[in-house]
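Got your viewer open? Here is a walk through the model, one selection at a time.

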Amino acid sequence: MSSTDLLLPALFIIYLIHAIVRVVRSYITSRNKRGFLRSYKFKRVIQIILIIGIPLIIVSFLPAGIGDKIGFWPKALGYLFSAAISILWVVYIRKLDIYEPEKWRHILFVFILSCLTIWAIFPITNGINSLGFELNGNPVNDFLYSVITIGMMEELVKLIPVLIIMLNKKILNESFDFLLYASVSALGFAFIENILYINSSELYSVIARMLVASVAHMTFTTTIFYGFLLAKRRRFKAIPKVVYYVIFFLLASLSHGFYDYWLLNPWANQFHSLTIIFFMVIMHIWFTMLNNALNISQFYKRSTPLQVDKLKSYLIFSLLMVFMAAFLTVHLFHGKQEAMLFFWENLFAFGYFFIYIIYSHNRFKIVRGYIAPFEATSSFFVPPLKRVE
């Protein structure tokens with residue numbers, strides 16, 4: 001067990017204790033105790049307790065171990081949970097589009113298109129493998145394979161639906177639209193991929209796919225189209241736009257391959273903590289790109305603020321509901337012991353990622369026309385506990 005494997009659960013517990021202390025302190029220092037109990041903050045705490053507590057109580061009465069009786073894992077559950085993951089993230093990314101929200105029919109078009117274009121990956125990968133270039137355990141070979149065959153080819157496939165919707169300039173008429181449709185395309189790709197992983201693991205991988213894999217896919221594809229934004233606002237006119245496109249596509253491919261490499265190669269897997277660290281860094285960058293795109297929106301309105309608290313509440317409730325639904329399903333098909341193991345293992349393995357995503361919203365600050373740089377700071381790993389003013 002690496003130090004990172006211990007550090008993340010420790011950070012999760014620290015943040016959790018801090019949140020509890022803040023609520024208790026707010027109650028103690030409140031002059032209007034009855035008013036506090038009716039406050040939005042306290043109601044949110046009660047809702048979280050109910051979302052987690054009720055399923056934990058239900059397992060005492062719900063029949064368990066159905067999987068042993070029917071003898072198979074219903075594939076439909078993989079579709080159901082994969083759809084839930086995609087829907088919650090699509091809704092989230094559209095909630096960020098505060099100035100000129102995109103039409104649902106356009107979002108659905110890109111999502112479905114991405115679900116179709118993903119199948120091009122298989123003949124492409126098979127063609128590359130037939131040339132003798134495949135994973136073989138060699139660190140250098142596997143790194144190049146991860147970057148080229150996995151990173152570059154998958155990002156190329158996710159690029160296609162956005163390029164098609166870009167043909168209609170009336171649709172992509174705002175800076176944030178590029179990142180929104182990039183995220184939607186990534187989620188369409190992840191939807192199909194998640195089905196395969198969730199069903200093959202019989203639901204055990206659902207939290208990893210929801211909190212890590214889906215977010216990573218969105219981040220990589222967003223990186224490409226962030227390059228499109230910078231190309232439009234380029235300071236150095238002598239540099240052709242295509243140079244920006246190529247550079248950011250290569251950055252996305254390298255990031256994608258680098259992320260997968262530490263999971264796939266046996267030698268690199270010894271240092272899998274690097275993937276965790278890298279994921280948190282790219283998540284920080286993802287939030288920065290989203291914030292910057294809102295800053296330079298052509299439809300900026302001072303009277304339309306970003307409702308950060310509502311965004312955080314939406315993610316808290318939707319992510320927890322999927323988690324607890326998965327917990328109940330594991331109990332139903334694999335028994336109470338497996339369900340409790342699923343609950344505690346995922347809580348400590350991914351609890352800090354959940355906290356990190358939620359608290360990272362405290363960094364959001366709309367400053368018209370400002371493009372924040374990507375700075376190496378301690379907040380890569382420890383997001384601010386309070387809103388940035």
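Radius of gyration is taken here over C-alpha atoms, and the globule rule is 2.2 Å times the number of residues to the power 0.38. With 389 residues, that rule puts a compact globule near 21 Å, and the chain has 22 Å, so the two agree. Before you click further: this is a predicted model, in which local features need pLDDT of at least 70 and side-chain atom pairs count only at pLDDT 80 or more, while totals for chains, interfaces and linings use all residues. Residues are numbered from 1 along each chain as its sequence is written, and side-chain values use heavy atoms, with hydrogens and water left out.

**Whole chain**

Start with a cartoon view. You should find 14 helices and 0 strands, where helices (H or I, at least four residues) and strands (E, at least two) are DSSP runs numbered from the N terminus. Turn the C-alpha trace along its principal axes and it spans about 65 × 55 × 45 Å.

Now switch on the surface. The accessible area comes to about 19,000 Å², with 68% of it belonging to carbon and sulfur atoms; areas come from the Shrake-Rupley method with a 1.4 Å probe, and for residues only the protein chains shown count as cover. Buried residues make up 50% of the 389. Here buried means under 20% relative accessible area, exposed means over 50%, and partly exposed is in between (1.4 Å probe, protein chains only).

Colour by charge next. There are 35 positive and 19 negative side chains, and the centres of the two sets lie 17 Å apart. Lys and Arg count as positive, Asp and Glu as negative, with His and the chain ends not counted; each charge is placed at NZ of Lys, CZ of Arg, CG of Asp or CD of Glu.

How much of the contact map joins residues at least 24 apart? Among contacts between residues at least 6 apart in sequence, the share is 82%, with contact meaning heavy atoms within 4.5 Å.

**Into the core**

Select Trp 89 and Tyr 92. These two have the most contacts inside the largest nonpolar core, which has 109 residues. Such a core is a set of buried Ala, Val, Leu, Ile, Met, Phe, Trp, Tyr and Cys residues joined through side-chain atoms within 4.5 Å. Leaving aside neighbours within four places in sequence, the contacts of Trp 89 include Leu 187, Met 210, Leu 315 and Ile 357.

Met 210 leads to the next stop, because Val 322 touches Met 210 as well as Phe 81, Ala 84 and Leu 88, not counting residues up to four places away in sequence. Val 322 is in helix 13 (residues 308-334) and, at 9% relative accessibility, counts as buried. Draw a C-alpha to C-alpha distance from Val 322 to Ser 200: 18 Å in space, with their positions 122 residues apart in sequence.

**Helices 6 and 7**

Click Ile 107 in helix 6 (residues 104-117). Ile 107 is buried, at 3% relative accessible area. Beyond its neighbours within four places, Ile 107 is in contact with Val 90, Arg 94, Glu 102, Leu 180, Tyr 181 and Val 184. Arg 94 is 13 residues away in sequence and 9.0 Å away, C-alpha to C-alpha.

Move on to Thr 125 in helix 7 (residues 121-130), buried at 17%. Outside four places in sequence, Thr 125 contacts Tyr 145 and Thr 149. Its C-alpha is 9.7 Å from that of Glu 154, 29 residues along the chain.

**Helix 10 and the loop before it**

Glu 154 turns up again around His 217, which also touches Lys 158, Ala 186, Phe 189, Ala 190, Glu 193 and His 256, not counting residues up to four places away. His 217 lies in helix 10 (residues 206-232) and is buried, at 5%.

Now select Glu 202, in the loop between helix 9 (175-200) and helix 10. Its phi is near 55°, positive in a residue other than glycine. Leu 203, in the loop between those helices, has a positive phi too, near 90°. Most residues other than glycine have a negative phi. Buried or partly exposed: which is Glu 202? Glu 202 is partly exposed at 30%, whereas Leu 203 is buried at 0%.

**Last stop**

Finish at Asn 295 in helix 12 (residues 273-295). Asn 295 is buried, with a relative accessible area of 2%. Show what touches Asn 295 from more than four places away: Lys 365, Ile 366, Val 367, Arg 368, Gly 369 and Tyr 370.
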